[in-house]
Amino acid sequence: MTDVQDITTDNMETSDESIAAGNGVLGQRMLRKEDPALLTGEAIFTNDMKVPGALYMAVLRSPHAHATITSIDTSAALALDGVHSVYTGADLSDQWAGPMPCAWPVTDDMKNPAHLPLAVSKVAYVGDGVACVLAETDSIAHDAIELIDVDYDVHPAVVDLEKALSDEVIIHDDLGTNVSYTWPLVIEDNEGDCQKAMDTSAHVVKERYVHQRLIPMAMEPRAVVAMPQPFGGDMTLYSSTQVPHILKVMTALTLGIPEHQLRVVCPAVGGGFGSKLNVYAEELLCVQLARTLGKPVRWNEERSENAQATIHGRAQIQDIELAADEQGKITGLRVRLIGDMGAYLQLVTPGVPLLGAFLYGGVYEIPKAFDFSCTSVFTTMTPTDAYRGAGRPEATYAIEHAMDALARKMDIDPLELRRRNFIQPEQFPYEAYTGLVYDSGDHDKAARVAEEMLDYAAMRTKQAEQNTPESTKRLGIGVSTYFEMCGLAPSRVLASLNYSAGGWESATVRVLPTSKIQVVTGTAPHGQGHETAWSMIAADKFGVDPADVDVLHSDTAIAPMGLDTYGSRSLPVGGVAISMACDKVIDKARKIAAHQMEANEEDLEFSGGTFRVAGSPDKEMPLAAIAFEAFTAHNLPDDLEPNLEMQVTYDPPNFSWPFGTHMCAVEIDTETGNVEVLQYIAVDDCGNKVNPLIVDGQVHGGVVQGLAQALYEEARYDEDGNLQSSTLAEYLVPAASDVPPIQTGESVTPSPTNSLGVKGVGEAGTIGAAPCIMNAVVDALSGLGVQDIQMPASPLNVWTAIQEARNNDQENNQ
Ligand code: MCN
């Protein structure tokens with residue numbers, strides 16, 4: 001068990017020694033290679049780039065949530081000194097070969113409104129782009145957009161999901177409805193009748209949960225530089241994106257650019273959390289205007305602009321019914337979801353609720369009496385899309401919060417209720433009620449580790465003593481368990497969900513003539529430490545120091561094939577591809593070594609970077625010598641191509657299924673409503689770990705984002721559709737001082753579906769944390785009659801819930 005806050009340089013130095021020996025690199029807590037440049041300000045981000053002759057773009061955004069543009073006068077902006085040009089949506093409307101891309105048309109009849117990089121006749125949210133200015137400097141461009149005069153005919157905003165469903169105000173006239181789609185998860189051989197379970201089971205809980213909108217708030221807002229290359233039609237797009245490859249394909253399609261003439265590069269990227277898994281209007285505008293003008297065009301997003309113009313996450317209403325027998329064994333589950341798409345469909349907007357659909361059963365043995373459907377609607381707010389976890393934190397919240405409600409109803413311990421329903425280790429691989437197969441799991445083990453770390457029984461005793469009717473400091477204990485679905489693959493399964501891309505990843509591994517190693521990956525890290533982790537995988541395979549491995553990524557000219565980084569896929573798909581490519585290189589090196597040493601390939605052993613002939617200790621050949629032989633090609637086996645380089649494209653046979661248990665203790669001041677998290681324990685089982693230090697960091701960051709949803713963050717809109725939390729003064733991202741100590745516990749259940757035995761971890765913390773904390777909050781207050789609290793459990797929301805419970809109590813006693 002490791003306390004994240006206990007990680008010292010000392011224990012890393014110990015690890016580094018064993019890494020240097022080239023043995024057992026995997027599993028070491030190696031410091032991240034990429035961090036010195038990031039921490040000392042040496043790393044180059046897109047907006048740091050010096051681009052001589054570039055024009056700066058600023059975008060004029062709609063101040064209205066829903067309006068028809070009746071006229072635009074750009075003359076004053078054009079007259080400003082330093083302004084190069086001004087474009088309205090109408091000026092550019094014939095420049096696009098296609099609309100803004102949506103890659104996930106979840107149903108055949110899904111409604112997708114016309115969406116262009118700049119609105120032409122109507123705007124549908126505050127922040128919708130209306131016109132853009134190109135100028136000599138950023139500040140002139142921003143001054144100029146203030147001078148553009150736009151007349152609007154303002155229509156009512158739609159910020160309430162149920163009102164949106166009523167179609168009282170239609171946002172996109174041509175669609176005739178605000179409903180984008182309804183998607184039911186149809187369970188084949190559905191023997192169990194969900195309604196029958198609800199009608200006949202001993203216990204049924206029926207709950208409504210509302211996931212507030214969240215703003216991803218990556219540390220670096222978005223930035224773009226589009227640079228036409230001299231002497232040719234080629235274009236380089238630099239973007240703070242997490243999907244350079246997807247961006248390249250989609251930009252080529254949307255702008256009609258021959259794909260081979262487009263290169264996408266991500267300089268250092270300061271976080272994304274899903275918000276940079278997209279193709280944005282500003283990327284398309286910069287490329288198109290740079291093409292038209294033959295000059296570089298750049299754009300840098302401001303923080304408040306980021307809050308409005310970059311996608312939001314969550315924003316769902318869940319109605320969940322959970323039925324159980326006398327013993328608490330689940331007998332049926334029904335979920336009705338309303339998803340808020342915002343004004344338009346971005347890249348994967350419609351698919352987000354589907355990603356959760358398969359996880360409403362949590363880690364439990366669920367009968368096929370499962371009934372799910374999701375209806376997604378347009379509103380006049382910023383489009384939503386994938387935000388860390390994308391659908392899976394929402395699903396986990398629903399089942400885990402409902403399990404607590406059921407435990408309260410049955411008056412049994414919530415951990416005990418969970419145990420009665422866990423899928424048992426011997427049942428894996430386990431075909432779930434959805435037809436998907438969970439690869440491996442040991443839920444009781446993860447729960448036991450967390451239970452011991454919190455000293456659950458002692459904490460319950462303390463709670464019973466502390467939570468007297470007079471107490472103003474009430475203790476709450478939170479439990480949540482989860483199954484995650486990540487590393488989304490194989491590609492043909494994604495096809496069955498109508499997803500337009502595949503789930504594979506590509507890797508090239510080459511041993512250079514001087515025996516240094518290059519790994520080329522299709523993943524695109526933006527904070528996950530891939531340079532370190534991928535170096536460790538290759539170093540472990542070749543028996544070298546990770547410092548001798550270089551990882552090349554995030555440039556489509558260098559890593560032409562890839563599907564990038566999201567969905568905690570990079571290790572279980574991209575990392576495994578690297579491992580497989582290393583094996584292929586070693587196989588080739590073996591042929592050269594056998595040829596040179598006049599031995600049989602089968603007699604060669606490879607360890608510590610050297611091939612040895614079994615039984616002849618003096619006959620050996622190091623990788624360095626083989627690499628040079630492969631380079632000179634003077635004496636290679638017949639039919640063997642020179643050079644040591646191999647490529648692999650890996651399409652995994654299944655998703656990867658991480659799981660875990662989180663527990664926490666909170667103390668609530670009933671007089672102020674303040675929630676203090678006293679202790680937080682995260683046991684996240686992601687199979688074998690490449691680098692436990694990175695894993696802890698990922699879990700730590702993820703937990704903070706779940707805690708942020710539970711206690712702090714909320715994108716608030718007024719009824720006219722104005723975002724009221726567009727600065728960091730109003731949108732409460734937790735500060736370091738708000739973060740409790742987070743302890744991570746050890747549980748390792750390897751995945752049987754890949755050779756490294758790994759599962760993803762990038763979203764795990766976020767998935768476990770919000771239900772854990774909210775369960776603790778309700779646990780602390782249920783003795784006062786509080787049934788539930790709307791997230792975020794801010795002091796005001798908590799205090800109000802306590803007062804309401806007291807008032808209800810008084811009314812009932814009258
Ligand atoms: N890892 C490991 N052993 C495991 C699992 C993972 O050592 N068993 C390491 C990997 O080698 C990798 C890191 O953990 O270095 C995360 O790997 P993985 O779970 O494959 O996730 P991805 O690299 O695909 O990252 C995506 C994931 C997502 S979906 C979001 S959102 C997210 C996240 O990662 N956004 C982040 N973590 C983030 N971290 C930072 N700093 N910034 C973001 O924007």
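**Figure 1. Polar contacts between the ligand and the protein in the predicted model.** In this predicted model, a nitrogen atom of the ligand is placed 3.1 Å from a polar backbone atom of glycine 527, while an oxygen atom of the ligand is found 2.9 Å from a polar backbone atom of phenylalanine 273. A side chain also takes part, since a polar side-chain atom of serine 570 lies 2.7 Å from an oxygen atom of the ligand. Of the 840 Å² of accessible area that the ligand has on its own, the protein covers 95%. Helix 17 (530-542), helix 18 (570-597) and helix 20 (692-711) are the elements that give two or more residues to the shell around the ligand. The ligand is surrounded by 33 residues, of which the closest are Gln528, His530, Ser570, Gln698 and Val761.

**Figure 2. Glutamine 528 and glutamine 698, two of the residues closest to the ligand.** Glutamine 528 is located in the loop that runs between strand 21 (517-521) and helix 17, and its side chain reaches the backbone nitrogen of histidine 526 at 2.8 Å. When neighbours within four places in sequence are left aside, the residues in contact with glutamine 528 are Arg32, Thr565, Ile694 and Gln698. Glutamine 698, for its part, lies in helix 20 and is buried, its relative accessible area being 11%. With neighbours within four places in sequence again left aside, glutamine 698 is in contact with Arg388, Gly527, Gln528, Val761 and Gly762.

**Figure 3. The surroundings of arginine 392, a residue of helix 12.** Arginine 392 belongs to helix 12, which spans residues 392-410, and it counts as buried at 1% relative accessibility. The side chain of arginine 392 reaches the backbone oxygen of glycine 389 at 2.6 Å, and a polar atom of that side chain lies 2.8 Å from the backbone oxygen of methionine 485. Leaving aside neighbours within four places in sequence, arginine 392 is in contact with Leu355, Gly356, Leu359, Glu484, Met485, Cys486, Gly567, Glu763 and Ile767. Between arginine 392 and valine 778, which are 386 residues apart in sequence, the distance from C-alpha to C-alpha is 22 Å.

**Figure 4. The largest nonpolar core and the contacts of tyrosine 680.** The largest nonpolar core has 167 residues, and those with the most contacts inside it are Met57, Phe372, Tyr680 and Leu781. Helix 21, made of residues 764-781, gives the most to this core, with 11 residues. Another core, of 50 residues, lies apart from it and has Val551, Ile592, Ala593 and Leu756 among its members. For tyrosine 680, with neighbours within four places in sequence left aside, the residues in contact are His662, Met663, Cys664, Val703, Pro740, Pro741, Ile742, Gln743, Gly768, Ala769, Cys772 and Ile773.

**Figure 5. Cysteine residues in a structure that holds 0 disulfides.** The sulfur of cysteine 686 has its closest cysteine sulfur in cysteine 486, at 9.1 Å, which is too far for a bond, given that the two sulfur atoms of a disulfide must be within 2.5 Å. Cysteine 686 is buried, with a relative accessible area of 2%, and cysteine 582 is buried as well, with a relative accessible area of 0%.

Terms used. Residues are numbered from 1 along each chain as its sequence is written. This is a predicted model: local features need pLDDT of at least 70, side-chain atom pairs count only at pLDDT 80 or more; totals for chains, interfaces and linings use all residues. Side-chain values use heavy atoms; hydrogens and water are left out. Buried means under 20% relative accessible area, exposed over 50%, partly exposed in between (1.4 Å probe, protein chains only). A nonpolar core is a set of buried Ala, Val, Leu, Ile, Met, Phe, Trp, Tyr and Cys residues joined through side-chain atoms within 4.5 Å. Helices (H or I, at least four residues) and strands (E, at least two) are DSSP runs, numbered from the N terminus. Contact means heavy atoms within 4.5 Å. A residue is near a molecule or strand if one of its heavy atoms lies within 4 Å of it. A polar contact is a pair of N or O atoms within 3.5 Å; within protein, one must be able to donate a hydrogen and the other to accept it, and residues adjacent in sequence count only if both atoms are side-chain atoms. Accessible areas come from the Shrake-Rupley method with a 1.4 Å probe; for residues, only the protein chains shown count as cover.
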